[in-house]
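Visitor: Could you take me on a close look at the aromatic and nonpolar side chains here? I would like one connected account of them.

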Amino acid sequence: MTRYVVHRLLGMVLVLFLVCLFTYIIFFALSPDPAVQICGKNCTPERIDQIRENLGLTDPFLTQFLHFLQGLFVGREYGSGPATVFCEAPCLGYSFQTSQFVTDMIVQRLPVTAVVALGAAVLWLLMGVIGGLLSAVREGRFTDRFITGLTLGGMAVPNYVLALAMQYVLVVWLQWLPFPQTVRFADDPGQWFLNFIMPWTVLAIGYASAYTRLTRANVIETLDENFVRTARAKGLRPSLVWRRHALRPALTPVVTIAGMDFAGLLGGALITESVFGINGVGKLAADSITKNDQPVILAVTLLAAFFVVVGNMLVDLVYSAIDPRVGVGVAA
């Protein structure tokens, strides 16, 4: 077990390093000169050179990349002389547009994104697993066809269309929900919960549709296994066979994808947060793309990659707890 964990950690470090290198090349080596963008139209060449010097853009590419890696572990300095500022580790850069440290900007937004991702994950797992199980045990009947139709509709409708439709129906027309706004949980728990109902639902519907189809297929396949036939032959109740013997091993691929999807959402639900005006990591990324704020875009990309890689490793580690047929050696 320990050897497997160490092996996965080393692989995770390698993947993150390669992601960091390639994204750094794309955003810094192939993008327009950030000093010109920061300085604006009415700017002198001297001022542009000064900005490049303060941001360390005059150094060779390899030196800039090593400085970036240094900032992740021990921090780094920006500027020179009295204007020098120190960015503490993990330093993800210095925003070209807001003159803030990118790490501070992400730390402020990440809790909001985590709430959006966690609430949506709970909803889509409940809807997906329950819907898939019902569809599987009623295979070929009206319930199965009805749930299948719902899943096809959920997968076909883009989330931004669903978000706009929900806003119109629930906020403007029926006035059942308020438009999402910034309210802390400690100030008004009820208002805080109402603010996230629509974002949670919009994110969950698309994922729940896919999870319903996946759960249905896995449960139907598992019901044909020999150990399920043995459980039925012993005279166990059908509900017990479905829940204890068929559903548990069928959830292994569901948990795999759930871990990856949840980890990806922690990197920012870009469209949903933008449509609802939620100040999370996704909206931060969208705003940075429109402004070409390269350090922020790079940081969000690395953050998403980090969560996906870590989530993948954690999912592999819990395989054996979900399905006794899967061991660490097999997962490796």
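Guide: Happy to! Helices here are DSSP runs of at least four residues, numbered from the N terminus. In this predicted model, Leu 270 belongs to helix α11. With a relative accessible area of 35%, Leu 270 is partly exposed, because partly exposed covers the range between 20% and 50%. Leu 270 also helps make a nonpolar surface patch of about 490 Å², together with Val 157, Tyr 160, Val 161, Ile 271 and Ile 289. Two elements each give two or more residues to this patch: α7 (159-173) and α11 (270-276).

Now to the aromatic rings. A pair of such rings is described by the distance of the centres and the angle of the planes. The count comes to 13 aromatic pairs, taking ring centres within 6.5 Å. One of them joins Phe 142 and Phe 146, which are stacked at 6.0 Å centre to centre with 20° between the planes. These two residues sit four apart in helix α6 (residues 142-156), so about one helical turn separates them. Phe 142 is exposed, at 60% relative accessible area, while Phe 146 is partly exposed, at 47%.

Another pair has an edge-to-face arrangement: Trp 192 and Trp 200 are 6.3 Å apart centre to centre, with 75° between the planes. Trp 192 has 19% relative accessibility and therefore counts as buried, the cut-off being under 20%. Trp 200 is buried too, with a relative accessible area of 10%.

Finally, have a look at Phe 17, Tyr 24, Phe 61, Phe 65 and Phe 68, which form one aromatic cluster.

Terms used: Residues numbered from 1 in each chain as written. Predicted model: local features only at pLDDT ≥ 70, side-chain atom pairs only at ≥ 80, totals over all residues. Heavy atoms only, no water. Patch = residues over 30% accessible without salt bridge, like charges linked within 9 Å, V, L, I, M, F, W, Y side chains within 5 Å. Areas by Shrake-Rupley, 256 points an atom, 1.4 Å probe, with all protein chains shown as cover. Salt bridge = Lys/Arg side-chain N within 4 Å of Asp/Glu carboxyl O. Buried < 20%, exposed > 50% of the residue type's maximum accessible area, 1.4 Å probe, protein only. Phe/Tyr/Trp six-rings, centres within 6.5 Å; stacked < 30°, edge-to-face > 60°.
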